[in-house]
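Here's a quick walk through one model, with an eye on its charged pairs and its nonpolar packing. Have the sequence and the 3D view open as you read.

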Amino acid sequence: MNQPHRSRSLPIALSLLRLGAAAALGADGAAATPRAVVPMAAAPYEYLGWGNPQTPTDVMAATGTKTFTLAFMLSDGGCNPKWDGSRALTGGSDESVIKSIRAKGGDVVVSVGGWSGAKLGEKCGSASALAGAYQKVIDAYRLKALDVDIENTEFTNATVRKRVIDALKIVKAKNPGIITYLTMGTTPNGPDSNGKDLIKKGAAAGLDNDGWVVMPFDFGGHSGTMGQATVSALEGLKAAVKNSYGYGDADAYRHIGVSSMNGKTDDAGETVTLADFRTILGYAQQHHIARFAFWSVNRDRRCGSGSDGDSCSGVSQDPYAYTKIVAKYVG
């Protein structure tokens with residue numbers, strides 16, 4: 001599929017408490033009309049630079065979803081963030097979309113990273129420099145939540161993993177109340193050795209990360225349904241977070257999350273069905289996990305003649321069927 005995001009991509013009361021602490025501001029920093037606090041726990045990805053993206057406000061009207069994870073913020077070749085590594089951080093179509101979402105009572109999480117492109121974690125030579133790049137994004141949009149989707153060479157490099165952890169710790173210190181997610185690939189049994197190392201590094205550094213998130217697909221083989229495999233991966237993630245941080249079970253669940261993929265994935269024969277999404281929703285509701293997202297809204301529709309998997313799910317479905325399931329999750 002040659003996808004830019006090969007997405008193997010607090011209870012609500014706590015989220016609302018955190019989010020309510022920030023005043024609603026426009027991207028230019030000017031005071032804006034106060035708007036309702038928006039839960040961040042359910043925030044499907046939409047990629048505005050690819051896959052024939054739908055108009056987010058239309059998606060909101062059709063599904064009831066309030067929050068989107070907008071992807072991806074990449075390096076412009078140095079330690080400077082740009083949308084897809086090429087579109088200006090502010091002043092362009094991306095900023096216009098964010099303003100339109102907020103004008104309709106919604107909000108956004110910005111995702112840094114993904115599978116393809118130049119990664120800030122690699123191009124920024126120190127944790128302080130990387131934190132500065134993240135801060136530019138936070139300041140540009142007065143973000144309440146930031147997702148670091150750590151994949152590919154950024155994920156497999158131990159030095160970069162530590163740099164990302166240390167940068168996020170700086171970000172948390174400078175932005176009280178900000179919600180942070182670290183999103184990574186997984187096996188059907190939970191994070192691989194790189195993922196476990198990332199979590200251990202976070203715990204050792206004292207990083208109070210809100211959500212350790214796995215992308216449970218592109219497994220290269222699994223048993224049972226994709227819903228069952230996702231639950232297995234999340235249980236493995238919960239165990240890794242619990243063991244590293246010393247949390248009790250309830251707190252461990254509240255610090256994990258899932259970013260699934262709708263329909264056919266990059267692995268031949270691997271399909272995440274609507275029934276699988278309902279299984280994931282039930283698990284999320286039972287354990288009050290930190291995050292339920294998926295890749296992507298762009299794909300949340302039936303394929304037409306000549307369509308590819310970047311802009312449709314590859315399964316028979318009604319428009320936005322997957323988004324409507326995720327929108328039911330409130331934390």
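Which side chain meets that of K172 in a salt bridge? In this predicted model, the partner is D210, with N and O 2.5 Å apart. K172 sits in helix α7, while D210 belongs to the loop between α8 and β7 (211-215), so the salt bridge ties together parts that are 38 residues apart in sequence. Both K172 and D210 are buried.

That pair is one of 11 salt bridges found in a search of the whole structure. Here are three of them side by side.

| Pair | Closest N to O distance |
|---|---|
| K172 and D210 | 2.5 Å |
| D249 and K242 | 2.6 Å |
| R161 and D197 | 2.9 Å |

Take R161 and D197 next. R161 is in helix α7 (residues 158-174) and D197 in helix α8, 36 residues apart, so this salt bridge links distant parts of the chain too. How much of each partner is accessible? R161 has a relative accessible area of 5%, so it counts as buried. D197 comes out at 21%, and because the cut-off for buried is under 20%, D197 is classed as partly exposed.

D197 has another partner to look at: its side chain also makes a polar contact of 2.7 Å with the side chain of K201. K201 is in helix α8 (residues 193-205) and is buried, at 18% relative accessible area. Beyond its close sequence neighbours (up to four places away), K201 touches A158, R161, K162 and I165. The C-alpha atoms of K201 and R161 are 8.1 Å apart, although 40 residues separate the two in sequence. Put together, D197 has a salt bridge to R161 and a polar contact with K201, and K201 in turn touches R161.

The D249 and K242 pair has both partners partly exposed: D249 at 38% relative accessibility and K242 at 30%. Elsewhere, D84, R87 and D94 are joined in a network of salt bridges.

Now for the nonpolar side of things. The largest nonpolar core counts 86 residues, and Y134, V164, L182, W212 and F277 have the most contacts inside it. Helix α5 (residues 127-141) is the top contributor, giving 8 residues. Apart from this core lies another one of 7 residues, including M40, A145, I179 and V213.

F277 is worth a click. Setting aside neighbours within four places in sequence, F277 contacts S260, M261, N262, V272, F292, F294, Y322, I325 and V326.

Conventions:
Residues are numbered from 1 along each chain as its sequence is written. This is a predicted model: local features need pLDDT of at least 70, side-chain atom pairs count only at pLDDT 80 or more; totals for chains, interfaces and linings use all residues. Side-chain values use heavy atoms; hydrogens and water are left out. Helices (H or I, at least four residues) and strands (E, at least two) are DSSP runs, numbered from the N terminus. Buried means under 20% relative accessible area, exposed over 50%, partly exposed in between (1.4 Å probe, protein chains only). Contact means heavy atoms within 4.5 Å. A polar contact is a pair of N or O atoms within 3.5 Å; within protein, one must be able to donate a hydrogen and the other to accept it, and residues adjacent in sequence count only if both atoms are side-chain atoms. A nonpolar core is a set of buried Ala, Val, Leu, Ile, Met, Phe, Trp, Tyr and Cys residues joined through side-chain atoms within 4.5 Å. A salt bridge is a side-chain nitrogen of Lys or Arg within 4 Å of a carboxyl oxygen of Asp or Glu.
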